[in-house]
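Q: Please take a close look at one part of this structure: a loop residue and the aromatic side chains around it. Then place that part in its wider setting.

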Amino acid sequence: MITESDSPRVTVDGEGHVLLIGLNRPDKRNAADFRLLQELCLAYGELERDPELRVGLVYAHGEHFTGGLDLPDVAPRIGAAGLDIVPEGGINPWRVDGSGTTKPVVVAVQGTCLTLGIELILASDIAIAAQSATFAQIEVARGILPFGGATLRFPKVAGWGNAMRWILTGDSFDATEAHRIGLVQEVVPDGEQYDRALELARRVAAQAPLAVQASLASARTAAADGEAAAARNLQPELVRLATSEDARIGMQAFLTRTPAEFIGR
């Protein structure tokens with residue numbers, strides 16, 4: 001008999017150029033204990049290191065995306081410097097420690113999505129939600145603050161008032177509201193969120209990897225450091241990409257009206 005302690009908290013599978021990253025604690029609504037957090041960091045590290053992988057797809061096994069932190073397990077691990085969840089070889093999926101994968105991440109959400117689940121969406125790039133999904137940023141109701149990036153990114157994504165409405169009350173909101181404020185990009189019928197997210201992940205993976213990563217990096221620089229900082233890198237990046245093999249492949253595909261098969265060089 002396989003017990004929870006025997007099963008991986010995060011499943012990792014390859015699907016072409018897409019890394020499928022599954023939260024796998026369904027009997028606990030995928031609440032994140034310390035082990036799940038560490039395994040998720042390791043999955044992001046794998047996504048970053050493997051040159052064949054171009055996009056990550058984060059989804060959840062079971063009915064719910066995540067019930068948030070497993071506080072009884074995680075709280076005792078908060079030390080004087082905070083909470084360190086990144087093991088050797090891992091990357092922080094929430095990008096709050098100055099690191100992060102350079103590759104895009106798509107998220108598929110269903111059921112309950114609390115706290116760190118919202119913050120994982122905010123740290124990712126495209127999110128698809130099932131129609132019945134519900135969301136809540138409930139840290140203030142537990143006596144702590146969001147420490148996975150909600151205070152950094154939620155106001156930029158949703159606008160100050162929309163973000164504060166949900167961060168400061170801890171109230172829950174539905175997928176329609178999540179879409180209205182820009183937290184998720186599409187709402188689909190229940191059960192279709194994974195397939196739609198995979199479709200988009202494959203679409204991104206079919207593009208030139210260096211160009212995708214450069215575009216993502218430029219947008220993130222603009223968001224974090226301002227437009228001027230990002231603008232300074234546009235021309236140098238254009239020169240770098242224009243001399244790549246993928247640029248040649250892309251031009252040939254344009255001229256011959258055939259699909260491009262990019263190689264990431």
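**A loop aspartate and its aromatic surroundings**

A: Asp-171 has a relative accessibility of 33%, so it counts as partly exposed. That value falls between the 20% limit for buried and the 50% limit for exposed. The model is predicted, and the description below should be read with that in mind.

Start with position. Asp-171 sits in the loop that runs between α5 (160-167) and β8. Its contacts reach beyond that loop. With neighbours within four places in sequence set aside, Asp-171 touches Phe-135, Ala-136, Gln-137, Arg-165 and Trp-166. Another reference point is Ala-141, which lies 30 residues from Asp-171 along the chain. The C-alpha atoms of Asp-171 and Ala-141 are 9.4 Å apart.

One of the contacts of Asp-171 is also polar. The side chains of Asp-171 and Arg-165 make a polar contact of 2.9 Å. Arg-165 has a second partner. Its charged end sits over the ring of Trp-166, at 4.1 Å from the ring centre. Arg-165 therefore appears in two roles: in a polar contact with Asp-171, and over the ring of Trp-166, within the 6 Å limit for a charge over a ring.

From Trp-166 the trail leads to the aromatic residues. Across the whole structure, three aromatic pairs are found. One of them joins Phe-135 and Phe-173. This pair is stacked, with 5.5 Å between the ring centres and 15 degrees between the planes. It brings together distant parts of the chain. Phe-135 belongs to strand β7 (residues 134-136), and Phe-173 to strand β8 (residues 172-174). The two are 38 residues apart.

Are these rings buried or exposed? Phe-135 counts as buried, because its relative accessibility is 1%. Phe-173 is buried too, because its relative accessible area is 4%. Phe-173 also pairs with Trp-166. Here the geometry is tilted: 4.7 Å centre to centre and 35 degrees between the planes. Trp-166 is buried, as is Phe-173. Together, Phe-135, Trp-166 and Phe-173 make up one aromatic cluster. Two members of that cluster, Phe-135 and Trp-166, are among the contacts of Asp-171.

Further along the chain is helix α6 (residues 175-180), which holds Glu-177. Glu-177 counts as buried, because its relative accessible area is 16%. The side chains of Glu-177 and Arg-180 are joined by a polar contact of 2.8 Å.

Now for the wider setting. Strand β3 is largely enclosed by the rest of the structure, because six of its six residues are buried. Val-55, Leu-57 and Tyr-59 point one way from β3, while Gly-56, Val-58 and Ala-60 point the other way. β3 pairs with β2 in the parallel sense, over six bridges. One of these bridges puts Val-18 opposite Val-55 of β3.

Helix α1 (residues 34-49) is part of this setting. It has 16 residues and spans 23 Å from first to last C-alpha, close to the expected 22 Å. Its buried residues include Phe-34, Leu-37, Leu-40, Cys-41, Tyr-44 and Leu-47. Glu-39 and Gly-45 are buried as well. Among the elements that cover the buried residues of α1 are β1 (10-15), β2 (18-23) and β3 (55-60). The cover also includes α2 (71-74), β4 (105-109) and α3 (116-123).

Methods:
Residues are numbered from 1 along each chain as its sequence is written. This is a predicted model: local features need pLDDT of at least 70, side-chain atom pairs count only at pLDDT 80 or more; totals for chains, interfaces and linings use all residues. Side-chain values use heavy atoms; hydrogens and water are left out. Helices (H or I, at least four residues) and strands (E, at least two) are DSSP runs, numbered from the N terminus. The expected span of a helix is 1.5 Å times one less than its number of residues. Buried means under 20% relative accessible area, exposed over 50%, partly exposed in between (1.4 Å probe, protein chains only). Contact means heavy atoms within 4.5 Å. Rings of Phe, Tyr and Trp (its six-membered ring) pair if their centres lie within 6.5 Å; planes under 30 degrees apart count as stacked, over 60 as edge-to-face and the rest as tilted. A charge sits over a ring if NZ of Lys or CZ of Arg is within 6 Å of the ring centre and within 35 degrees of the ring normal. A polar contact is a pair of N or O atoms within 3.5 Å; within protein, one must be able to donate a hydrogen and the other to accept it, and residues adjacent in sequence count only if both atoms are side-chain atoms. Two strands pair if DSSP finds at least two bridges between them.
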